[in-house]
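Subject: Structure handover

Hello,

Here is the structure for your files. My notes on the pocket, the core and the aromatic rings follow.

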Amino acid sequence: MVLEGETTFRKTPNGFAGYLNKRSKTWKQKWMRRWFHIDGKSFYYTKGENEEDRLQEFDLTLASVRSARKVVRDFCFEVVSSAPNGGMRKMILQASSQTDMALWMKGITD
């Protein structure tokens, strides 16, 4: 359990990294816990903290972030970006607290 004001991520040389829940598009909108990174202008995730393989990556120069729409869970936000082949990509994420959500959203927009 995370107390209000406590964060679940840590600073890295080029940004920060930590756990967020990610809503799957293909697995009946199942939520999965993944290790996310903000590394300069890249936002990506791996399956776990010690994993190297980047599973999905967003260029933050082309991305925006907003509170999630039509999601019944607390502390949810979405990252929206253009897709490499045109169109839009959207990732719905859930932070562990209001504080974490605000810090992740600020980190993505900065």
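A pocket here is an open set of points on a 1 Å grid over the protein atoms alone, where a 1.4 Å probe fits, with protein on both sides within 12 Å along at least five of seven lines; lining residues have an atom within 4 Å of a point. Points are joined across faces, edges and corners, and a volume is the space filled by probe spheres set on them.

The model is predicted: local features need pLDDT of at least 70, side-chain atom pairs count only at pLDDT 80 or more, and totals for chains, interfaces and linings use all residues. Residues are numbered from 1 along each chain as its sequence is written, and side-chain values use heavy atoms, leaving out hydrogens and water.

The largest pocket holds about 240 Å³ of space. It is lined by 13 residues, with K22, R23, S24, K25 and T26 closest to its centre.

The largest nonpolar core (buried Ala, Val, Leu, Ile, Met, Phe, Trp, Tyr and Cys joined through side-chain atoms within 4.5 Å) has 19 residues. Among those with the most contacts inside it are F36, F43 and W104.

F36 counts as buried because its relative accessibility is 0%, and F43 is likewise at 0%; the cut-off for buried is under 20% relative accessible area with a 1.4 Å probe, protein chains only.

There are five aromatic pairs (Phe, Tyr or six-membered Trp rings with centres within 6.5 Å; stacked means planes under 30 degrees apart). F36 and F43 are stacked, at 5.4 Å centre to centre and 20 degrees between the planes. Ring pairs also link F16, F36, F43, Y45 and W104 into a cluster.

Regards

Methods
Buried < 20%, exposed > 50% of the residue type's maximum accessible area, 1.4 Å probe, protein only. Phe/Tyr/Trp six-rings, centres within 6.5 Å; stacked < 30°, edge-to-face > 60°.
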